[in-house]
Amino acid sequence: MLDQAAPDFSLPATGGQTLTLSALKGSKVVLYFYPKDSTPGCTTESQQFRDLHPEFLATGAIVLGISRDGLKSHDNFRTKQALPFDLISDPDETACTLFGVMKLKNMYGKQVRGIERSTFVIDAEGVLRREWRGVKVPGHAQEVLDYVKTL
């Protein structure tokens with residue numbers, strides 16, 4: 001998948017819009033997949049992208065968060081955390097499947113299917129340039145920003 005056109009999708013996003021990935025050509029896109037709104041790791045990760053957002057904008061990058069949560073949950077999470085970027089709702093796992101982020105995980109001794117925390121950077125031509133899978137939150141947003149600055 002790396003160094004190839006990023007898989008395209010159209011999904012509902014916050015602000016009452018439908019977001020189509022291919023329509024963002026001309027901008028770099030940071031697409032981060034996270035398991036669930038308002039959970040500790042996802043909140044911390046989103047706050048880090050929020051805090052670095054002006055620097056991402058300065059590089060010409062658009063930051064987008066994506067999970068299987070519905071728009072109402074996304075709107076609440078975005079408002080509560082003052083996120084300056086949109087969140088995409090993927091309840092049918094359309095983008096999750098395209099980017100291969102659905103995994104079986106162990107939660108409290110049970111196997112559950114969920115999103116593996118992953119981030120993808122797409123360049124202004126729509127080509128997938130970098131991916132991080134199984135992301136550990138501390139310092140991740142800064143690492144992504146450092147990479148985006150090299151594009």
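Here are a few friendly notes on the cysteines and the nonpolar cores of this predicted model.

1. Before we start, some ground rules. The model is predicted, so local features need pLDDT of at least 70 and side-chain atom pairs count only at pLDDT 80 or more, while totals for chains, interfaces and linings use all residues. Residues are numbered from 1 along each chain as its sequence is written, and side-chain values use heavy atoms, with hydrogens and water left out.

2. How many disulfides does a search of the whole structure find? Zero, where a disulfide is a pair of cysteine sulfur atoms within 2.5 Å. Cys42 is in no disulfide, and its nearest cysteine sulfur, that of Cys96, is 12 Å away. That is too far for a bond, so Cys96 has no partner in Cys42.

3. Are these two cysteines buried or exposed? Cys42 is buried at 2% relative accessibility, and Cys96 is buried at 0%. (Buried means under 20% relative accessible area, exposed over 50%, partly exposed in between, with a 1.4 Å probe and protein chains only.)

4. Now look at the largest nonpolar core, which has 22 residues. Such a core is a set of buried Ala, Val, Leu, Ile, Met, Phe, Trp, Tyr and Cys residues joined through side-chain atoms within 4.5 Å. Phe9, Leu21 and Ile88 are among those with the most contacts inside this core. Strand E3 (28-33) and helix H4 (94-98) are among the elements that each supply at least two of its residues; helices (H or I, at least four residues) and strands (E, at least two) are DSSP runs, numbered from the N terminus. The largest share, three residues, comes from E3.

5. Another core, of 21 residues, lies apart from that one and includes Leu52 and Trp132.
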